[in-house]
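Biologist: I'm new to this one. Could you walk me through how to read it, feature by feature?

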Amino acid sequence: MTKSMILACFALAAFSFTTNAQNGDGFGIKAGLNYNANGNYFESIGANAKHPDRNVGFHVGLYGKIGDRFYFKPEVVYSQTKSDYDNDAFKMKKIDAPLLFGMKIIGPVSVFIGPSIQYIVDSKFEDITIKDIENDFTVGLNFGIGLNFNGFGVDLRYEKGLSENMATFGIPERRIDTRPEQLILGVSIAL
């Protein structure tokens, strides 16, 4: 995906926020926790069960929503993730723009899926700033389930990075796969 296509997706998300306010469909704020993985996701969860804070990050941002039973929900979110590798921490700061398509299934319950465009702002492995990341822009996939009650929402989603993206640093050279693979728990409030 080219940088111009990714920037166009960010512009679409920003445009929908202003359009939503005029349509009355809705927009709001959101925040929550991210649990990032190293390697195989389920093996990572088992390995970190003794220290559950090792791979926890957070996110905060804005969302828009167009539609009711079937909806489009773009978001712009600032995220920080942390992954422990052999007692060293890899930290990443990024701007995410999920473009979610959802459907209400029963009462306040809905399911959603969509691509997420990510821009890596900064990354560090322990005290070393990593400047050699293959791509600043990457693409992932989000899918999950949400509950919405009169403007208050809670959702749980899984995010998997689709774009292969390696970070290289140090002597001898070390490489880390920077693709996100995480569970994201978020709360949102309509404005």
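Modeller: Sure, let's begin with a single residue: Lys94 sits in strand β5, which covers residues 88-106. Strands (E, at least two residues) and helices (H or I, at least four) are DSSP runs, numbered from the N terminus. Before we go on, this is a predicted model: local features need pLDDT of at least 70, side-chain atom pairs count only at pLDDT 80 or more, and totals for chains, interfaces and linings use all residues. Residues are numbered from 1 along each chain as its sequence is written, and side-chain values use heavy atoms, with hydrogens and water left out.

Biologist: Is Lys94 buried or exposed?

Modeller: The idea is to look at relative accessible area: under 20% is buried, over 50% is exposed, and in between is partly exposed (1.4 Å probe, protein chains only). Lys94 has 2% relative accessibility, so it counts as buried.

Biologist: What does the side chain of Lys94 make a polar contact with?

Modeller: A polar contact is a pair of N or O atoms within 3.5 Å; within protein, one must be able to donate a hydrogen and the other to accept it, and residues adjacent in sequence count only if both atoms are side-chain atoms. Here the side chains of Lys94 and Asp96 are joined by one of 3.3 Å. You can read Gln182 along similar lines: it lies in strand β13 (residues 181-190), it is buried with a relative accessible area of 0%, and its side chain has a polar contact of 2.5 Å with that of Glu159.

Biologist: Let me zoom out. How many helices and strands does the protein chain have?

Modeller: Two helices and 13 strands. Of the 191 residues in the chain, 45% are buried. You can also ask how far apart in sequence the touching residues are, where a contact means heavy atoms within 4.5 Å. Among contacts between residues at least 6 apart in sequence, 61% join residues at least 24 apart.

Biologist: Can you show me two residues like that, far apart in sequence?

Modeller: Try Ser123 and Met92: they are 31 residues apart in sequence, but 4.3 Å apart in space, C-alpha to C-alpha. Ser123 belongs to strand β6 (residues 109-125) and is buried, at 3% relative accessibility.

Biologist: Now the strands. Which way do β9 and β10 run when they pair, parallel or antiparallel?

Modeller: Two strands pair if DSSP finds at least two bridges between them. β9 and β10 are antiparallel, with ten bridges. Phe149 stands opposite Phe152 in β10. In the loop between β9 and β10 you'll find Asn150, which has a positive phi of about 45° although it is not a glycine. That hairpin has two residues between the strands, and Asn150 counts as exposed because its relative accessibility is 87%.

Biologist: What else does β10 pair with?

Modeller: β10 is joined to β13 by nine bridges, and the two run antiparallel. Leu156 stands opposite Leu185 in β13. From β13 you can step on to β1, again antiparallel, over nine bridges, where Gly32 has Gly186 of β13 as its bridge partner. Then strand β1 (residues 27-36) is joined by nine bridges to strand β2 (residues 56-64), also antiparallel, with Lys30 opposite Gly61 in β2.

Biologist: And which way do the side chains of a strand point?

Modeller: In a regular strand they alternate between the two faces of the sheet.

Biologist: How many aromatic pairs are there?

Modeller: Rings of Phe, Tyr and Trp (its six-membered ring) pair if their centres lie within 6.5 Å; planes under 30 degrees apart are stacked, over 60 edge-to-face, and the rest tilted. By that rule there are three aromatic pairs. One of them is Phe72 with Phe101, tilted, at 5.0 Å centre to centre and 35° between the planes. This pair links distant parts of the chain, 29 residues apart: Phe72 is in strand β4 (residues 70-85) and Phe101 in strand β5. Phe72 is buried at 16% relative accessibility, while Phe101 is partly exposed at 47%. The rings of Phe143 and Tyr158 are tilted too, because their planes are at 55°, with centres 5.5 Å apart.

Biologist: Where does Lys65 put its charged end?

Modeller: A charge sits over a ring if NZ of Lys or CZ of Arg is within 6 Å of the ring centre and within 35 degrees of the ring normal. The charged end of Lys65 is over the ring of Tyr71, 4.6 Å from its centre. Likewise, Lys73 lies over the face of Tyr63, at 4.8 Å from the ring centre.
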